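Let's practise reading the empty spaces inside a protein. Have a look at the model below, then work through the exercises one step at a time.

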Amino acid sequence: MDESLVIRPATVHDLPGALALVVPDPACPLTPADVRARLASGEYRPEWTWLAETGEGIAAAGVWWGDTAPDGLDALLASSALPRGQRAAVAGRLIASAHAAFRRASSRTIPAFHLRLPADWRSRHDVVSALSWRWQAALAAGLGYERSIIDATRDAKSFVLAALQ
């Protein structure tokens with residue numbers, strides 16, 4: 001992996017670059033409008049958004065949510081310029097670095113990784129493909145406990161919530 005990789009929390013000035021990574025993705029239902037609304041409400045904060053940067057810019061981002069401290073990793077995003085074969089390693093380092101910083105700052109447990117997936121995700125190649133590097137990254141960062149929860153949303157779509165802790 002490239003030694004020039006820098007992993008750090010975002011600042012307000014980094015948010016446009018992080019928002020550029022929020023694109024339609026079958027394993028991440030967030031939209032730029034969702035992110036802006038959650039930033040405005042305080043559910044997301046720049047310091048809970050972590051970036052992995054290379055000389056070319058932001059390669060990956062992790063977006064944690066919470067109230068007074070980060071409670072969960074809500075989105076793991078990668079630049080289309082980051083080769084698929086490097087996404088798990090880069091994102092795994094990003095998660096591990098953020099969690100180490102969160103651990104130093106708080107006595108709370110390590111935030112879970114919340115993956116919101118369509119109920120039929122196992123039979124959809126597009127979702128499985130988009131999920132695989134995220135799952136590998138979570139495992140590489142030391143997360144491992146999985147639980148699934150079915151959640152019916154207002155528009156009657158079902159999602160599986162797999163939390164790794």
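In this predicted model, a cavity is a set of grid points where a 1.4 Å probe fits but cannot get out.

**Exercise 1.** Find how many cavities of 30 Å³ or more there are, and give their volumes.

*Solution.* Start with the count: by this rule there are two cavities of 30 Å³ or more. Next, take the volumes. The largest cavity has about 70 Å³, and the second largest has about 40 Å³.

**Exercise 2.** Work out which residues and elements line the largest cavity, and sort the residues by class.

*Solution.* First, list the lining: Leu15, Ala18, Leu19, Val22, Val35, Leu39, Thr49, Val63 and Leu77. Second, look for elements that give two or more residues; these are α1 (15-19) and α2 (32-41). Of the elements, α1 gives the most, with three residues. Third, sort by class: eight of the lining residues are nonpolar, one is polar and none is charged.

**Exercise 3.** Do the same for the second largest cavity: which residues line it, and which element has the largest share?

*Solution.* Begin with the residues. Ala27, Cys28 and Pro29 are among them, along with Asp74, Ala75 and Leu76. The lining also includes Phe113, His114, Leu115 and Arg116, as well as Arg134. Then turn to the elements: β4 (70-78) and β5 (112-118) each supply at least two residues, and β5 has the largest share, with four. Finish with the classes: this lining has seven nonpolar, one polar and three charged residues.

Notes: Residues numbered from 1 in each chain as written. Predicted model: local features only at pLDDT ≥ 70, side-chain atom pairs only at ≥ 80, totals over all residues. Heavy atoms only, no water. 1 Å grid on protein atoms, 1.4 Å probe; cavity = no way out; pocket = protein on both sides within 12 Å on 5 of 7 lines; lining within 4 Å. Points joined across faces, edges and corners; volume = space filled by probe spheres on them. Nonpolar A, V, L, I, M, F, W, Y, C, P; charged D, E, K, R; others polar.
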